[in-house]
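Subject: Structure handover

Hello,

Here is the structure we spoke about. Please open it and keep it beside this message as you read.

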Amino acid sequence: MSEAQATAGQDSGAQFRGQVSDEVLITVKGLKMHFPITEGVIIPRKVADVKAVDGVDFYIRKGETLGLVGESGCGKTTTGRCILRLEDPTAGEIIYDGKDICQLNNNELIDIRKKIQVIFQDPYSSLNPRMKIGEIIGEPLRVHGIITDEAKRRERIGYLLGRCGLHPDFADRYPHEMSGGQRQRVGIARALAMEPEFIICDEAVSALDVSIQAQVINLLEELRDEFNLTYLFISHDLSVVRHICHRVAVMYLGHMVELADCDELFDHAMHPYSQALLAAVPIPDPELEKTRGHQIIKGEIPSPINPPSGCVFHPRCPLAVDSCSQKIPDFREVRKGHWVACTEV
Amino acid sequence: MGKYIFKRVLLMIPTLIGAAILVFLLLRMAPGDICAVRYLGSGLAIDESQIELCREQLGLNKPQIVQFFDFIWGYVVFDLGDSMWTGQPVTHEIAIRFELSLQIAIMATLVATIIAIPLGIISAVRQNTITDYVVRGFAIAGIAIPSFWLGLMIILGLLIVTQSWLGEPWMPPIEFKSIWEDPIHNMAQLIWPAVATGYRYSAVATRMTRSAMLEVLREDYVRTARAKGMVEKIVINRHALKNALLPVVTILALEFAFLMGGLVVTEQVFNLNGLGNLMVDGVERQDFAMTQNLVMLVVIIYVFINLLTDLAYAWLDPRIRYS
């Protein structure tokens, strides 16, 4: 283990004790992303913050897939974008290779972006309509001078397309000539082009048909094993997450409420929000579905502009006690590798 | 593609016939004719038979329908007739002015493009900053300031500046010389009207570039480009700008067509003898032959520019394919 990685593992603090033996690839500590709301045209002044991400801690080990789940607006995508520095985080550290991504200048950022790639949700809008597939995949190889020879680059593009289940001739097509599933495969091939270590899959399959989703998920799994990739798998689809992830983190209103190994979380969710989320997954059997009791969370998700005090979930929580509205619960380890931000479990 | 162009060119024929009917009727709806203008305007005592004779010579006493078919027939046999006022062939009168108008239109388009595209990009990239406000103010001013007034100010400014710097005032040359013949003389004369009209025209294009860029910069594929590790310059130029150019090209092309026939006032200010001037003279003198052919020329330019713009779309955007 390199010194940098060792430091990253130790720096993650008591929270991550017991897992230092495995190589930690990326550590996120106290990540906050607040978007200011301004008023006034000529002299803009800040009136409030949208607290999209408000203090998130986690780490991902090499070769591991961490699922990040939660409902719309809980901050999962923002977390992913902060790691890519597509947003500049308000506070916190993102340590990768011993360097804090938040502190990098533009040149260093380009280096790190070769190692961290992203697969976006919408395969229709994430590919430039004016470029051929070959150009989209080959552009970083050419611009960064990784493969300067035209013929070799074409060969590499062909290989990447082939590896993602597309015919190499697709390099001469435009995105609009392809189906959604094919485009998403192009998105994956593009992400692979730079031989990254870490890929952020931001709702990578949720725009696809269910049958295509299964193919793409299987492809992601194969690629993970073949290229020893690490994934941050952002999704709202719990069944997909259960299939692919090693560990799962649950987010609610910018906070992480629970983090555990995949099976542990699905079988023994502790946080009342996680339990409700899991209970909402439909069972594909109408008879069984009918007999199942539904636990519905009361109320609406509060606004991230003015989140509730204390535990952000307390106004909707069935277990809430008086103290929940005052004190922000610690993210504590209740069982080995099982972390929960709740005082009542 | 070839088939598409052929179809489009064929479709121009009904458009042109429609325009021909319209211009023919509109011109003849106005009271009086060129003979009345020529003789009655002189203030001398003219007897009615002389005017009749003039009308006969110019073919104005023929039935309207015959005059119309003569007009159309002219296009079939490529003989547009003579100007009713000067007696010179219409094609000759247009030809000697066409070069000047075309040159100003091209130069103004260049000025506009050089101003509009960089400013539009900067304004979009630095949205809602001081830079953006300054660019937007500059653009709004361009739309608000009439180009003839700007022309007057340019001439005045030239006089004042040259007076104070060189000791004697300098004016752009009045006589037109072709750019092939005397490029310095030609530029010294035409650069000013090109700047005056180009600025106004850039204003519209700047705002269009800005709004198109703002839209494209929010697209996912721009974020993809950033995430791929592309430097900002490539993201802006290659990924965003190319996609934002489509509406800008449309605006530039339409303005170009407008410049070919619509520079009436600016030509007066700079004392240029272009197509705009010819049109004004033609209308004033009720020179039907001149005016209707000039209007048809402008119509043909518009129709062709439109076709070229549509073809440019296919070149700019691979999703657009004509068949």
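Below is what I found, starting with the interface and then going through each chain. Please note that this is a predicted model.

**The interface**

Start where the two chains meet. On one side, 21 residues of chain B are in contact; on the other, 26 residues of chain A. The buried area between chain B and chain A is about 2,300 Å². Carbon and sulfur atoms give 56% of that area.

Next, the polar side of the interface. Between chain B and chain A there are 14 residue pairs in polar contact. The rule also finds two salt bridges across this interface. One of the two to look at joins B:R238 to A:E139. Their closest N and O atoms are 2.7 Å apart.

Which elements of chain B give two or more residues to the side that touches chain A? They are α9 (220-227) and α10 (232-262) of chain B. The largest share comes from α9(B), with six residues. By class, the side of chain B that touches chain A has nine charged residues, eight nonpolar and four polar.

**Chain B**

How many helices and how many strands does chain B have? The secondary structure comes to 13 helices and zero strands. The C-alpha atoms of chain B fill a box of roughly 85 × 65 × 35 Å along the principal axes.

**Chain A: the sheet of four strands**

Chain A has an open sheet of four strands in the order β2-β1-β4-β5. The pairing is antiparallel. At the edges stand β2 (45-61) and β5 (99-100) of chain A. Each has a single partner strand, so one side of each is left without a neighbour in the sheet.

Inside this sheet, β1 (residues 24-39) and β4 (residues 91-96) of chain A pair in the antiparallel sense over five bridges. To find the register, look at A:K29, which stands opposite A:E93 in β4(A).

β4(A) also pairs with β5(A), again in the antiparallel sense, over two bridges. There, A:I95 has A:D100 in β5(A) as its bridge partner. β4(A) and β5(A) form a hairpin with two residues between them. Check A:D97 in the turn: its phi is positive, at about 60 degrees.

A helix lies across this sheet. Helix α2 (residues 76-83) of chain A crosses β1, β2 and β4 of chain A. It runs at about 110 degrees to β1(A).

**Chain A: the sheet of eight strands**

Chain A has another open sheet, this one of eight strands. The order is β6-β7-β8-β3-β9-β10-β12-β11, and the pairing is mixed. Which strands are at the edges? They are β6 (116-119) and β11 (332-335) of chain A, each pairing on one side only. From one strand to the next, the twist averages 20 degrees.

Within this sheet, β10 (residues 255-261) and β12 (residues 338-340) of chain A run antiparallel and are joined by two bridges. One position to check is A:E258, whose bridge partner in β12(A) is A:V340.

Helix α7 (residues 210-227) of chain A packs on the sheet. This helix touches β3 (65-69), β6, β7 (198-202) and β8 (230-235) of chain A. The direction of α7(A) makes about 160 degrees with that of β8(A).

Best wishes

Methods: Residues numbered from 1 in each chain as written. Chains lettered and ligands numbered in written order. Predicted model: local features only at pLDDT ≥ 70, side-chain atom pairs only at ≥ 80, totals over all residues. Heavy atoms only, no water. Contact = heavy atoms within 4.5 Å. Buried area = accessible area lost by both parts, 1.4 Å probe. Salt bridge = Lys/Arg side-chain N within 4 Å of Asp/Glu carboxyl O. Polar contact = N/O pair within 3.5 Å; in protein donor to acceptor, adjacent residues only side chain to side chain. Nonpolar A, V, L, I, M, F, W, Y, C, P; charged D, E, K, R; others polar. Pairing = 2+ DSSP bridges. Axes fitted to C-alpha atoms, helices over the stretch in contact; angles between N-to-C directions.
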